[in-house]
Amino acid sequence: SLGRDINGQILTMWLEATTAIAVALLDIGLIFLMVWNIICFDELRTDFRNPVDLCNSLNPLVLPEYIIHIIVVLLLGVGGFWQTLLLNIPVLIFHFYRYSKRPPMSVSGLYDPTQVMNNTEMKRNQREGWSKLIYYLFCFFFYLFNVLFVFLSQAS
């Protein structure tokens with residue numbers, strides 16, 4: 001019985017540590033996607049990029065961003081990080097809402113070249129990019145805290 005308890009504790013600690021590290025690494029990918037989003041919209045705003053190029057470079061990245069975020073949420077649930085999971089649910093709901101309200105297009109993505117130059121649309125997309133970058137940065141440090149917490153709790 002004691003052997004099973006120790007093996008169960010080791011498995012639980014391994015799962016928590018692996019989950020915390022994987023979520024932090026996936027969040028780094030989300031941060032890079034948001035930095036690229038911000039750079040692209042800034043180039044569009046300053047006329048270094050045209051709307052078609054912007055849409056061609058950003059639309060293929062929308063679904064990977066959403067899929068990575070879904071994987072993060074699933075990993076947090078499997079790892080038992082309930083508070084962190086609750087922190088991610090509103091953004092996940094926003095992603096589903098945003099994708100359901102996208103303009104009708106033949107390709108997957110959110111950005112339509114005919115609408116993206118609209119000043120209101122451009123400001124909204126830039127504000128969304130900056131907001132998500134701040135959110136993902138905050139989450140990264142929160143996930144980093146989780147990694148440290150898991151390792152420090154294992155040491156004691």
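**Entry 1: Gln-126**

I looked up Gln-126 first and found it in helix 4, which covers residues 119-155. The model I am reading is a predicted one. Is Gln-126 buried or exposed? Its relative accessible area is 19%, and buried means under 20%, so I wrote down Gln-126 as buried. Next I listed what Gln-126 touches, leaving out residues up to four places away in sequence. The list holds Phe-41, Asp-42 and Arg-45.

**Entry 2: Asp-47**

Where is Asp-47 placed? I found Asp-47 in the loop that runs between helix 1 (2-45) and helix 2 (51-79). I then checked the backbone angle phi of Asp-47, which is positive at about 65°. I noted beside this value that Asp-47 is not a glycine. For its surroundings I took the relative accessible area of Asp-47, which is 62%. Exposed means over 50%, so Asp-47 goes down as exposed.

**Entry 3: the nonpolar cores**

In soluble globular proteins, nonpolar side chains tend to be buried together. I therefore searched this model for nonpolar cores. How many residues does the largest nonpolar core have? I noted 25 residues for the largest core. Val-72, Leu-76, Tyr-136 and Tyr-143 are the members with the most contacts inside this core. I asked next which helices supply this core with at least two residues each. They are helix 1, helix 2, helix 3 (82-100) and helix 4. Helix 1 gives the most to this core, namely 9 residues.

I followed one of these residues, Val-72, a little further. Without its neighbours within four places in sequence, Val-72 is in contact with Val-23, Leu-26, Asn-88 and Tyr-143. Apart from the largest core I found another core, of 12 residues. Leu-44, Val-62, Tyr-66 and Tyr-111 are among the residues of this other core.

**Entry 4: the largest pocket**

Rolling a probe the size of a water molecule over the atoms shows where empty space is left. What is the volume of the largest pocket? I entered about 190 Å³ for the largest pocket. The largest pocket is lined by 13 residues. Closest to the centre of this pocket are Phe-81, Gln-83, Thr-84, Asn-146 and Phe-149.

I also sorted the lining by helix. Helix 3 and helix 4 each supply at least two residues of it. Which helix gives the most to the lining of the largest pocket? Helix 4 does, with 6 residues. Last, I divided the lining residues of the largest pocket by type and got 6 nonpolar, 6 polar and 1 charged.

Notes: Residues are numbered from 1 along each chain as its sequence is written. This is a predicted model: local features need pLDDT of at least 70, side-chain atom pairs count only at pLDDT 80 or more; totals for chains, interfaces and linings use all residues. Side-chain values use heavy atoms; hydrogens and water are left out. Helices (H or I, at least four residues) and strands (E, at least two) are DSSP runs, numbered from the N terminus. Buried means under 20% relative accessible area, exposed over 50%, partly exposed in between (1.4 Å probe, protein chains only). Contact means heavy atoms within 4.5 Å. A nonpolar core is a set of buried Ala, Val, Leu, Ile, Met, Phe, Trp, Tyr and Cys residues joined through side-chain atoms within 4.5 Å. On a 1 Å grid over the protein atoms alone, a cavity is a set of points where a 1.4 Å probe fits but cannot get out, and a pocket is an open set with protein on both sides within 12 Å along at least five of seven lines; lining residues have an atom within 4 Å of a point. Grid points are joined across faces, edges and corners, and a volume is the space filled by probe spheres set on the points. Ala, Val, Leu, Ile, Met, Phe, Trp, Tyr, Cys and Pro count as nonpolar, Asp, Glu, Lys and Arg as charged, and the others, Gly among them, as polar.
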